[in-house]
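These are my notes from a session spent looking up a few local features, entered in the order in which I took them up.

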Amino acid sequence: MQLKTRQLALCAILTALALGLSVMENLFPVTAAIPLPGVKLGLANIVTLFALYELGAAPALTILVARCLLGSLFAGNASALLFSLMGGVLAMLVMIALKRWQKLSVFGVSIGGAAAHNIGQIGAAVITLGDTAVLGYLPILLGVSLITGTLTGFITALLVRAMQNLHLSHS
Amino acid sequence: MQSSSPKLRPTAWDSLIVLAVIVLAIGTAIVFYGGLGGGDHITVTITHRGETVEKVMLEALNEEKTVTIDGTYQLTVVLSRDGVWVSESNCPSQDCLHTGTVSRAGQSIVCLPEQVVIRLDGKSDGPDIILG
């Protein structure tokens, strides 16, 4: 089936794009400019969100898990896998749920996902440290996720709008 | 599977999500920082990979004390009556240095790469803190 091949190719491209974005973000961390531990733009989330809107929930989740596995392989860090998986999967599940609620736009879905991502990562930190002290960062990170979530939502909206004219993913 | 027309412009309902995140942020802030204020009797506990390496009351310090943590990365923690800070670390993220000085109960400095938690607890006249 042509559509299946097309979807598979698109998934692979998006996974590569997400990987590239997260590697780039690690090279130029926002924390260098804003001294807040753990603050990230979450550029790779643009890809996840875009995939959710263009391809659906299952492909988006597949792309996310593939990105997390390959990303931690690139970083050569096993504990990074727990962080990215817990943050990423929780964000994905929240975004899938929020998107089903038709009243929300891509902005609401994106902000919810960004907040869930931070909660998941703090959860991973609590597990690895065996200490709840990191929970103190949650209020700050949640506040920042309002900004980063709006930003990724805005970019995803632009992308989805552009794709509506291209009809690449569903012809 | 595709929703016919995805909403790409912010809707009024989106503000509900924003509100929920704000409420959650304020809620966790109150839980974590609401019970603060007891300025005296602050105990500093430094744990490294789950094990307590240092536990000292701030007011008992007459001069600055440094604690070195040696693992994959090396951290130097300075403790004084005025607070606690990480003065040196060769970890990649440098988050612990960016945190700066902590001096109030409930505050903490966390180093994820080396799994170090520096925690300040108040209201601890006796040895009644149990860290899970």
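I begin with the criterion for strand pairing: two strands pair if DSSP finds at least two bridges between them. The model I am reading is a predicted one, and I keep that in mind for each entry below.

Entry on the hairpin of chain B. I looked up how strand S1 (residues 43-48) and strand S2 (residues 51-57) of chain B are joined, and found six bridges between them, with the two strands running antiparallel. To fix the register I took one position, and there B:Ile46 stands opposite B:Glu54 in S2(B). S1(B) and S2(B) form a hairpin with two residues between them.

Entry on the turn. Which residue in the turn has a positive phi? I found that B:Arg49 does, at about 50°, although B:Arg49 is not a glycine. I noted this value because most residues other than glycine have a negative phi. B:Arg49 lies in the loop between S1 and S2 of chain B, and with a relative accessibility of 40% I enter B:Arg49 as partly exposed.

Entry on a second positive phi. B:Gln115, which is likewise not a glycine, has a positive phi of about 55°. I located B:Gln115 in the loop between strand S6 (108-111) and strand S7 (116-121) of chain B. Is B:Gln115 buried or exposed? The relative accessible area is 22%, so B:Gln115 counts as partly exposed, given that buried means under 20%.

Entry on the loop before S1. I found B:His41 in the loop between H1 and S1 of chain B, partly exposed at a relative accessible area of 31%. Taking the C-alpha to C-alpha distance, I read 9.1 Å between B:His41 and B:Ala60, which are 19 residues apart in sequence.

Entry on a helix pair across chains. I then looked up helix H5 (residues 106-129) of chain A and helix H1 (residues 14-33) of chain B, whose axes come within 8 Å and cross at roughly 20°. Since angles under 35 degrees count as roughly parallel, I therefore record H5(A) and H1(B) as roughly parallel to each other. The crossing of H5(A) and H1(B) is left-handed. On the side of H5(A) the contact is made by A:Phe107, A:Gly108, A:Ile111, A:Gly112, A:Ala115 and A:Ile119, and on the side of H1(B) by B:Asp14, B:Ile17, B:Val18, B:Val21 and B:Leu24. Sorting the residues of this contact by type, I enter eight as nonpolar, two as polar and one as charged.

Definitions and conventions
Residues numbered from 1 in each chain as written. Chains lettered and ligands numbered in written order. Predicted model: local features only at pLDDT ≥ 70, side-chain atom pairs only at ≥ 80, totals over all residues. Heavy atoms only, no water. Axes fitted to C-alpha atoms, helices over the stretch in contact; angles between N-to-C directions. Helix = DSSP H or I, 4+ residues; strand = E, 2+ residues; numbered from the N terminus. Parallel < 35°, antiparallel > 145°, perpendicular 65-115°, else oblique. Left-handed = near helix turned anticlockwise from the far one by under 90°. Contact = heavy atoms within 4.5 Å. Nonpolar A, V, L, I, M, F, W, Y, C, P; charged D, E, K, R; others polar. Buried < 20%, exposed > 50% of the residue type's maximum accessible area, 1.4 Å probe, protein only.
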